[in-house]
Amino acid sequence: MTGLHARFRDRTAFAPRADYRLLPFRFIRLDDQRYVVTSDVGEHVVVSRDQLIAFARHELPVTGALYRELKAKHLVFDDDSRAALDLLAVKYRTRVAPVANLTGLHIFVVTLRCDHSCHYCQVSRQTEDKTRFDMARDHADKALALVFESPNPAIKIEFQGGEPLLNFGLVKHVVQEAERRNAVQRRDLQFVIASNLTHLDDEILNFAREHDIYFSTSLDGPEDLHNANRPLRGGNSYRAAVDGIARARAALGHEFVSALMTTTPASLPRVEDIIDEYVRLGFTSIFLRSLSPYGFAIRTRLIRGYDIADWLGFYQRGLAHILAVNRRGVQLREELTAIALQKMFAPLGSSYVDLQSPAGIAIGALVYNYNGKIYGSDEGRMLAEMGDDSFCLGSLDDRTFASVMTDDALQQILEDSLPESAPMCADCGFLPWCGADPTFHRATQNDIVGHKAFSAFCAKQMAVLRHLVTLLEDDPDARRVLMSWV
Amino acid sequence: MLLKLSGRGLRALGEVSSRPFIGRISTDVAQRGPNEIWLARGGAGVPDGFRAYLLAGPRPVMPPRDSYALGPEFSYLSDGDVIRIEPDRGAVHAIYRRNSRTNSLLVTERCNNYCVMCSQPPKDRDDSWIIDDLLQAIPLMSPDTGEIGITGGEPSLLGPRLIELVRCLGQCLPATAVHILSNGRGFATGDLAKALAQLHHPDLMLGIPLYADVPEHHDYVVQARGAFDETIRGILNLKRHGVRVELRFVMHAETYEGLPAFARFVARNLLFVDHVALMGLELMGFARTNLDALWIDPLDYQRELREAVETLHRARLRVSIYNTPLCVLTPDLHPFARASISDWKNAYMDECDGCALRTQCGGFFASSTLRRSRGIARVRLG
């Protein structure tokens, strides 16, 4: 290379001095050769064991490529610059600031009645004709008051069940009442109905179109698998779902309908079929969800049908298939993976309520149950149906938003749900990409913190993150697709 | 068209002032006044009541005080332009051209950086008179002006006088966007960022160069140890106070390899900036001095450029490519290219005649003839 004119100094005049200091970091083994080093704000570098040791012992050459990468990601700093400290502070603040917005997701369980009898039902649905499992209008109004007491500028109201369309009158009432309040409040207000779409009719579709309501439905895969998982007395659940998806898309627009799947033992050998079904139906997103230890999934012992290793095999094969689908030019994103990637690469992290620190319980989502009780998460009310009311935050009859948020029991749960101070989590290299799931650990270990060595949640997180980092490091094609999901 | 903005284009026709002065060009007798300069393209009649007279036609019998014959290279001057006349040198400088989209005010030639590719090499001398001139000139500019650039040197070295200038712009030209080119270092500490923010200028943006993700590389490019830290702090301070900031990255042989890392750094650390401009090299000033060390054919950094644009765009940052003709960019980068070169130094090449992309293309710096990209070619569609 030709040098600069003599009046300019060359690069060596600006090189860092030979010693450096470490900034807060954690590390974890990736495989036999490599380690992942992460910063408090979730930036990471993959290094060899020798490099890790040299880095920690302050023995890295300061002119090398690895030093530059560590310095750019604010894992080290040297005497020449303190900008790293300013930038780290800004990044940390950016990442945790959304906690102060408090609750954005508000779930209305307008009825527990349902026409389906899914083996894995996690909310313990009731048969259709028992109206005592419907939410009272008075409770809905009280819940709405709570919703608008939350300071969050973006409010999402989600209707859950049971099957919420079986109590569509109340859905209508809540939407209209929320919009009336919002005329003054001016929040970014969104509505979602979680429905099996069996009861979709023109009246509902017209109303949904007028109020920009989204639908989230269940689709477990091809017809035989879906119907085996989701029996509909005297009907065909798959047909109802597929017809409903088509009608809702036609009435509202393609992007107004999304679908979720649940993995049962019968799903395990068929991940490719399930993904192909999503592609065939024109979905751009799929969430490979494992069974959760609540409701009928426990009562029917369905959850014992596979262990976490089985599910991971399912996930890895599924992700490989999704990446292949993307390489064919079809856009399809896997949501569990996308959440992890957000946490790894996006300055704001991920807003997914079930993987936060502190946990998203109550401060991320509030659930207003059909009977007027308030829960801090959808899983909390599922646990309640099984007789464990430990996540109940009182009743709509005597609570305000402030009294829910300052509830002693809730404060204790939130404090215990900071992985930064939980045994084993505090030192884990994956900590900035993880979160807490107190409900899961309460359900499985009878303790909201849980012993991570015996936690299927932890095993799943570890395996998924290791798999993702490995793909990002070793497979440039996969990396290209994965980065487009951030 | 290439314009000569300054030069000794004046020949005194009689008695002249002893000191430099500023005025506005007018061809309308009714506009007469102490800050107006009469421009006559022909005819012998010379109205009274103007500050000075620029005469392109025949010399009048009795030229009023401050009458000058105007050289043909300044024939572009027209109504509403604001100029500075130095009678003793016979010099004229066009401070502002009413018909130009791109008026830049050079506010000082002093700078605390010494960038290896600086197109406007700094001069370390007291030039505080410049800002006095500009404070006189700004009230003469048209309130219809779309945008005014402030450039240097380093404007933030002016401290409170910069604030005075921006306040004057905001008061005299409230509808005019103001774009300040600054290295940001002057905003790192103290209250300059706050003072600028408190002007509440309706349309203000600072363009701040940043050349790397780590200090050693940035400091080398700007030839100043510690500059990276001050620039970063300046950016954080400005944004904290609500001033809009654009990042500028000049692409050349000493920076292009760092483009992808720079983009990742910005997407992670500075996501709140308002715009990122990735800029082709202008072969002026130190870029000429260091031409062999700095020149790289833009064709040879397309991979790095594309990766950087992809990273920034995906992070939902506004990103633009400046100073690069479309024919040397891969087609997927065309949507990001902007016609960014100021009219007075803009040029096209022979290949541009009949090129299908000519109307969308920014063309070249007039200085680009020094080195030519292999990619320059006439694009034909179909």
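**Polar contacts between the chains**

I looked up the polar contacts between chain A and chain B in this predicted model and found 19 residue pairs, with both residues at pLDDT 80 or more. On the side of chain A that touches chain B, the elements giving two or more residues are α2 (65-72), α3 (83-96) and α12. I note that α3(A) gives the most, with six residues.

**Salt bridges**

I counted five salt bridges between chain A and chain B. I examined A:R11, which forms a salt bridge with B:E254; their closest N and O atoms are 2.7 Å apart.

**Extent of the interface**

I recorded 39 residues of chain A in contact with 36 residues of chain B. The area buried between the two chains is about 3,300 Å², and carbon and sulfur atoms give 54% of it. Within chain A, I find that A:R11, A:F14 and A:R68 lose the most area to chain B, together 23% of what that side buries.

**Aromatic rings**

I searched the whole structure for aromatic pairs and obtained 25 over all chains. I inspected A:F287 and A:Y352, a tilted pair with 6.0 Å centre to centre and 55° between the planes. The two residues are 65 apart in the chain: A:F287 lies in the loop between β11 (285-286) and β12 (288-289), A:Y352 in the loop between α12 (335-345) and β14 (365-368). I classed A:F287 as buried because its relative accessibility is 11%, whereas A:Y352, at 29%, is partly exposed. I also noted one aromatic cluster formed by A:F25, A:F27, A:Y35 and A:F55.

**Charges over rings**

In chain B, I located the charged end of B:R51 over the ring of B:F21, 3.8 Å from its centre. I found B:R358 over the face of B:Y348, at 3.8 Å from the ring centre.

Conventions. Residues are numbered from 1 along each chain as its sequence is written. Chains are lettered from A and ligands numbered from 1 in the order in which they are written. This is a predicted model: local features need pLDDT of at least 70, side-chain atom pairs count only at pLDDT 80 or more; totals for chains, interfaces and linings use all residues. Side-chain values use heavy atoms; hydrogens and water are left out. Rings of Phe, Tyr and Trp (its six-membered ring) pair if their centres lie within 6.5 Å; planes under 30 degrees apart count as stacked, over 60 as edge-to-face and the rest as tilted. Helices (H or I, at least four residues) and strands (E, at least two) are DSSP runs, numbered from the N terminus. Buried means under 20% relative accessible area, exposed over 50%, partly exposed in between (1.4 Å probe, protein chains only). A charge sits over a ring if NZ of Lys or CZ of Arg is within 6 Å of the ring centre and within 35 degrees of the ring normal. Contact means heavy atoms within 4.5 Å. Buried area is the accessible area (1.4 Å probe) that two parts lose on being put together, summed over both. A salt bridge is a side-chain nitrogen of Lys or Arg within 4 Å of a carboxyl oxygen of Asp or Glu. A polar contact is a pair of N or O atoms within 3.5 Å; within protein, one must be able to donate a hydrogen and the other to accept it, and residues adjacent in sequence count only if both atoms are side-chain atoms.
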